[in-house]
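Subject: Structure handover

Hello,

I am passing on the structure we spoke about. Please have a look at it before reading on.

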Amino acid sequence: MWVKVLESAPKEGTMVEITVKDRDLFVTMNEGRLYCAENRCPHEDIKLTLGCLKGNRVKCSLHGYSFDLETGDSLEEDVDNMLTYPIREENNEIYIEV
Ligand code: FES
């Protein structure tokens with residue numbers, strides 16, 4: 001089911017926190033593309049929006065692991081991948097699939 005989450009796309013390089021169906025997520029625009037993921041590091045329970053974007057990855061502020069914005073891939077064998085969600089823009093409004 002697609003749900004409208006924002007009235008407009010976030011500015012390039014920023015992460016916007018949203019809550020959808022009791023899930024804490026973030027939406028970001030990176031190099032012109034939209035991404036949505038769970039706003040919780042799979043390593044320990046901390047918001048990924050406290051970290052920063054590096055290329056196409058979000059880097060956690062606590063231990064520095066990073067996750068691919070597209071696939072959620074952690075690159076670490078013992079760290080789960082980040083949960084990502086399909087996202088699209090329609091008439092300037094942002095929708096995610098949950
Ligand atoms: S809590 Fe995010 S890398 Fe450890």
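Below is what was found, going from the whole chain to single residues.

Please keep in mind that this is a predicted model.

Overall make-up

The protein has 10 strands and 0 helices. Read from the N terminus, its elements run β-β-β-β-β-β-β-β-β-β. Its radius of gyration is 13 Å, close to the 13 Å given by the globule rule for 98 residues, so the protein is as compact as a globular protein of that length. Along the principal axes, the C-alpha atoms fill a box of roughly 40 × 25 × 20 Å. Of the 98 residues, 26% are buried. Among contacts with a separation of 6 or more, 36% are between residues 24 or more positions apart.

The sheet of 4 strands

One open sheet has 4 strands in the order β2-β3-β4-β8, with antiparallel pairing. Its edge strands are β2 (15–20) and β8 (84–85), each of which pairs on one side only. Going across this sheet pair by pair:

- β2 and β3 (residues 23–30) run antiparallel and are joined by 6 bridges. Val-16 stands opposite Val-27 in β3.
- β3 and β4 are also antiparallel, with 6 bridges between them. Here Thr-28 stands opposite Tyr-35 in β4. The two strands form a hairpin with 2 residues between them, and Glu-31 in the turn has a positive phi of about 50°.
- β4 and β8 pair in the antiparallel sense over 2 bridges. Ala-37 stands opposite Thr-84 in β8.

The sheet of 3 strands

Another open sheet has 3 strands, ordered β1-β10-β9, and its pairing is antiparallel. β1 (2–6) and β9 (87–90) are the edge strands, each pairing on one side only. From one strand to the next, the twist averages 35°. Between β1 and β10 (residues 93–97), which run antiparallel, there are 4 bridges. Trp-2 has Glu-97 in β10 as its bridge partner.

The nonpolar core

Which residues touch the most other members of the largest nonpolar core? They are Phe-26, Cys-36, Ala-37 and Ile-87, out of 19 residues in that core. The elements that give two or more residues to the core are β3, β4 (33–38) and β10.

Ile-87 is worth a look in the viewer. Leaving aside its neighbours within four places in sequence, Ile-87 is in contact with Val-27, Leu-34, Tyr-35, Cys-36, Ile-94 and Ile-96.

Tyr-35

Tyr-35 lies in strand β4. Is Tyr-35 buried or exposed? It counts as buried, because it has 23 C-beta neighbours inside 10 Å, and 20 or more are needed for that label. Not counting residues up to four places away in sequence, Tyr-35 touches Thr-28, Asn-30, Leu-69, Glu-70, Thr-84 and Ile-87. Thr-28 is also the residue that Tyr-35 stands opposite in the strand pairing. Leu-69 is 34 residues from Tyr-35 in sequence, yet their C-alpha atoms are 6.3 Å apart in space.

Three residues in loops

Lys-47 is found in the loop between β4 and β5 (52–54). It is partly exposed, because 17 other C-beta atoms lie within 10 Å. Apart from neighbours within four places in sequence, Lys-47 is in contact with Asn-39 and Arg-40. Its C-alpha atom is separated by 28 Å from that of Glu-90, with the two positions 43 residues apart along the chain counted as their distance apart.

Asp-22 sits in the loop between β2 and β3. It has a positive phi of about 65° although it is not a glycine. Asp-22 is exposed, because only 5 other C-beta atoms lie within 10 Å, and the limit for that label is 12 or fewer.

Leu-75 is in the loop between β7 (66–68) and β8. Its phi is also positive, at about 70°, although Leu-75 is not a glycine. With 11 other C-beta atoms within 10 Å, Leu-75 is exposed.

If you open the model now, Tyr-35 in strand β4 can serve as a place to start.

Regards

Terms used. Residues are numbered from 1 along each chain as its sequence is written. This is a predicted model: local features need pLDDT of at least 70, side-chain atom pairs count only at pLDDT 80 or more; totals for chains, interfaces and linings use all residues. Two strands pair if DSSP finds at least two bridges between them. Axes are lines fitted to C-alpha atoms, for helices over the stretch in contact, and angles run from 0 to 180 degrees between N-to-C directions. A nonpolar core is a set of buried Ala, Val, Leu, Ile, Met, Phe, Trp, Tyr and Cys residues joined through C-beta atoms within 7 Å. Two residues are in contact if their C-beta atoms, placed from the backbone, lie within 7 Å. The radius of gyration is taken over C-alpha atoms; the globule rule is 2.2 Å times the number of residues to the power 0.38.
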